[in-house]
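Reader: Hi! I'm in my first year and still learning to read structures. Could you take a close look at one helix and its surroundings with me?

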Amino acid sequence: MATENKIAVVTGGSRGLGKNMALRLAADGLDIILTYRSQKDEAETVIKEIEQLGRKAVALPLDVGISSTFDSFFQQISATLTEKWNRSTFDFLINNAGIDAASLIPQTTEEAFDSLVNIHFKGVYFLTQKALPLLADNGGIVNVSTGLTRFATPGYAAYASMKGAVEIFTKYLAKELGSRGIRANLVAPGIIETDFTKAALEAHPGLGAFLSSQTALGRIGQPDDIGGVVSFLCSANARWVTAQRIEASGGMFL
Ligand code: NDP
């Protein structure tokens, strides 16, 4: 009897780290449902690349900052699982989607703060909550945090606080879902060259060189440095790993 492929849902899979995670998971044998917020064409390009790897993939729109849409999102996921996979569940949820927003504490507006809470914490919490009925037993959740929860860089107080909240949430997920065999872990990237960091790196010439000099492995990260870590956490090799924060930063600010 053919074994059925595992299915991973990757939020923000149209670009950057999420795209790399989706491609790496597919290369390692998983089928993918990825989400995008606005870049439908980029998402469809990723779907084609995944299909070229011989895996099945679908792209669905989702704004993780608007929790009132999550019920209809999961209705779409359910319909997609039935149609494309003849299944009612998926195996892994990767909460990756996010935005960069930096401001020093005195300049942080409530509006900017609320947007960060909605996208980086409330969105992760309730998307995960609403995913639970569809998440297969013995599956897993991977949340994406940041090196900024370990070291402090001015401007990231609000952003890093939300990620810190996700770190605690991950521990509770592991505790509450362990009885179903579901593992919950966290990947914390250091600075990685994506659209997310492009503006800051371009606006501050010398920043890249400085950060490289503060990184044990001597360079800035690339998306390809991250996807494999996520794929490991979604593999049987990580079957005894839960409630862990794995920093993938090349040894930044040690
Ligand atoms: P990118 O800007 O390259 O990509 C962001 C992705 O998230 C896109 O797919 C985008 O969709 C999607 N997205 C953005 N906002 C929303 C939203 N409100 N709802 C749903 N989807 C959304 O970012 P990265 O790949 O660099 O970042 C991915 C994650 O990694 C984030 O959680 C970030 O905080 C974290 N991170 C990044 C680091 C870095 O240095 N790059 C370091 C540490 C953590 P679309 O293409 O449709 O716009």
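Author: Happy to! Let's begin inside this predicted model, with the residues that surround its largest cavity: Thr11, Val64, Asn95, Asn96, Ala97, Ile119, Gly123, Val124 and Leu127. Which helix gives the largest share of that lining? The answer is α4, residues 110-131, with four residues. That makes α4 a good helix to follow, and we will keep coming back to it.

First, a little more on the cavity. A search of the whole structure turns up one cavity of 30 Å³ or more, and the space in the largest cavity is about 30 Å³. If you wonder how empty space can be found at all, the idea is to roll a probe the size of a water molecule over the atoms and see where space is left. By class, the lining of the cavity has five nonpolar residues, four polar ones and no charged ones.

Now for the helices that α4 meets. One of them is α5, and the axes of α4 and α5 come within 9 Å, crossing at roughly 10°. How should we describe such a pair, given that angles under 35 degrees count as roughly parallel? The two helices, α4 and α5, are therefore roughly parallel to each other. The crossing in which α4 passes α5 is right-handed. On the α4 side, the contact uses Phe113, Leu116, Val117, His120, Phe121, Val124, Tyr125 and Thr128. Facing them from α5 are Ala158, Tyr159, Met162, Lys163, Ala165, Val166, Phe169 and Leu173. Sorted by class, this contact holds 13 nonpolar, two polar and one charged residues. You may recognise Val124 here: it is in contact with α5's side of the pair, and Val124 is also listed in the cavity lining.

Another partner of α4 is α3, which spans residues 70-85. The axes of α3 and α4 come within 10 Å and cross at roughly 45°. That angle makes α3 oblique to α4. As α3 passes α4, the crossing is again described as right-handed. Phe70, Asp71, Phe73 and Phe74 of α3 make the contact with Gly123, Phe126, Leu127, Lys130 and Ala131 of α4. These residues divide into six nonpolar, one polar and two charged. Gly123 and Leu127 take part in this contact, and both also belong to the cavity lining.

Finally, let's turn to the open space. The largest pocket holds about 1100 Å³, and 48 residues line it. Which of them lie nearest its centre? They are Asp100, Tyr159, Thr194, Phe196 and Thr197. Helix α4 appears here too, since the elements giving two or more residues to the lining include α4 and α5, along with α1, β2, α6 and α7. The largest share, five residues, comes from α6. By class, the pocket lining has 23 nonpolar, 19 polar and six charged residues. Tyr159, one of the residues nearest the pocket's centre, is also among the α5 residues that meet α4.

So, to gather the picture of α4: this helix gives four residues to the cavity lining, meets α5 as a roughly parallel neighbour, crosses α3 obliquely, and gives two or more residues to the lining of the largest pocket.

Terms used. Residues numbered from 1 in each chain as written. Predicted model: local features only at pLDDT ≥ 70, side-chain atom pairs only at ≥ 80, totals over all residues. Heavy atoms only, no water. 1 Å grid on protein atoms, 1.4 Å probe; cavity = no way out; pocket = protein on both sides within 12 Å on 5 of 7 lines; lining within 4 Å. Points joined across faces, edges and corners; volume = space filled by probe spheres on them. Nonpolar A, V, L, I, M, F, W, Y, C, P; charged D, E, K, R; others polar. Axes fitted to C-alpha atoms, helices over the stretch in contact; angles between N-to-C directions. Parallel < 35°, antiparallel > 145°, perpendicular 65-115°, else oblique. Left-handed = near helix turned anticlockwise from the far one by under 90°. Contact = heavy atoms within 4.5 Å.
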